[in-house]
Amino acid sequence: MGEITGLKADLVQIVRLALAEQTEDVRLFAARLVRKYRGTEPELAEQVDLYLRAKPHRTGAPLRKTVAPSLPDQALPVDDESRLSLLKVFKDPSDRETPLLSTELEEALGQLIQERKQVSRLTSLGLTPTRSAIFVGQPGVGKTLTARWLAAQLGVPLYVLDLTAVMSSLLGRSGSNLRAALDFAKRSPCVLLLDEIDSIAKRRSDDADIGELKRLVTVILQEVDEWPATGLLLAATNHPELIDPALWRRFDLVIEFKIPEPAAIKDAIKRFLGPDFALFGRWIEILAFAFRGQSFSDIEREIQRFRRAVALGTASDEDLIEDFIKARALSLERQGRIDMAVLLAKQTRLSQHSISDITGVSRDTIRKYTTDGPTVVPQKRRRKA
Ligand SMILES: Nc1ncnc2c1ncn2[C@@H]1O[C@H](COP(=O)(O)OP(=O)(O)OP(=O)(O)O)[C@@H](O)[C@H]1O
Ligand SMILES: [Mg+2]
């Protein structure tokens, strides 16, 4: 896709601001458009000017609706042209629910937290705490969520750098935008997350852009090197192969987020079901099997759907589970479908006829596996492209 420029780009920006309900910013931007287009598009400029005059800005209204009252004194950095905020802020209470983490992950993050909490002790011994880490893992496994939780644990705000907003700025300005955002984050203790850091590499660019993108990477390289020990710099990606190797090796720590193991899937089902566990609990083994290879956010989305349907009375738990298993069975290989059929035969009162209908495994095969066949369902994890 080519770069949108000129009038079209301005149109896109104004739609963005309007949808974000940044009314005051819409006014500022519109006023700028009037000045910009007075010479080249006088009718357009006049019309916009007319609207601006017809709706004078409300005195006493907060200037920037999106800025939360508890923010630090300095205003958040925004892109001059688009008025888009370059950083998103999260300030969560320290009792924020812990993400579901594997034991390895829990240990790695526990160590990170201890280091941050005892910075002075480490420095007195001539050591520096971990200043930067990169989170790697497929979508929906908790990278962003964990960054929020980490910041809450450390009692500091989380700033998330919107790299798309940085890059959407005019050619030649994204480097300075990035610096402005990073300088802001360096001023006070915080966790800064460069989310989806691969987006720089992924962006299809024409020749004119390449220099600009390289400049961005250079800025990040320097910042990772020089990041102060008062802050924690995190990056997240689901495309580690796209990350510049020079950038990759600058992170103090690489933390891998994996697709959940069977035990974690069960924990996730329980957590996401909440009070509805009482209703769906009897399906847990089957659901745990069906959710193998899926991310936490996939599991959450599906469970929320079940809960809504049951709450509204549009379907029974049994119908929901059957339909869901049927859909999942379609994506399984033969052995996976057989395992599923065996599990259904053991865990439910469904007839062999229904099980065969749900899984697509013949009744003969089901009979064979449930009478004289293997009784253990293999723990093999299925990876689907
Ligand atoms: N480990 C987890 N524990 C609990 N809930 C989780 C976990 N991982 C994901 N979720 C659920 O899925 C949602 C999406 O997770 P999150 O945004 O952290 O994924 P991500 O790894 O950052 O994905 P992406 O690469 O797409 O940005 C979360 O808001 C949460 O509801
Ligand atoms: Mg994320």
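The following exchange concerns the ligand site, the nonpolar core and two loops of a predicted model.

Residues are numbered from 1 along each chain as its sequence is written, and chains are lettered from A and ligands numbered from 1 in the order in which they are written. In this predicted model local features need pLDDT of at least 70 and side-chain atom pairs pLDDT 80 or more, while totals for chains, interfaces and linings use all residues; side-chain values use heavy atoms, without hydrogens and water.

Biologist: Which residues come nearest to ligand 1?

Modeller: A residue counts as near if one of its heavy atoms lies within 4 Å of the molecule. There are 15 residues around ligand 1. Those that come nearest are Gly140, Lys143, Thr144, Asn238 and Glu300.

Biologist: Which residue offers a polar backbone atom to a nitrogen atom of ligand 1?

Modeller: A polar contact here is a pair of N or O atoms within 3.5 Å. Oxygen atoms of ligand 1 have such partners in side chains, with Lys143 at 2.7 Å and Thr144 at 2.8 Å. For the nitrogen atom, the backbone partner at 2.8 Å belongs to Leu100.

Biologist: Between which domains does ligand 1 lie?

Modeller: Domain bounds come from an automatic or database domain assignment. Two domains both give residues to the shell around ligand 1, so the ligand lies between them. They are domain 2 (87-257) and domain 3 (262-371).

Biologist: Which helix gives the largest share of the largest nonpolar core?

Modeller: A nonpolar core is a set of buried Ala, Val, Leu, Ile, Met, Phe, Trp, Tyr and Cys residues joined through side-chain atoms within 4.5 Å. The largest has 45 residues, and Leu161, Leu192, Leu194 and Ile197 have the most contacts inside it. Helices are DSSP runs of H or I with at least four residues, and strands are E runs of at least two, numbered from the N terminus. The largest share, seven residues, comes from helix α10 (residues 207-226).

Biologist: Is Val156 buried or exposed?

Modeller: Val156 is in the loop between α6 and β3 (158-161). Buried means under 20% relative accessible area, exposed over 50%, and partly exposed in between, with a 1.4 Å probe and protein chains only. The relative accessible area of Val156 is 19%, so the residue is buried.

Biologist: What is the phi of Glu196?

Modeller: Glu196 lies in the loop between β4 (191-194) and α9 (199-202). Its phi is positive in a residue other than glycine, with a value near 50°.

Definitions and conventions:
Polar contact = N/O pair within 3.5 Å; in protein donor to acceptor, adjacent residues only side chain to side chain.
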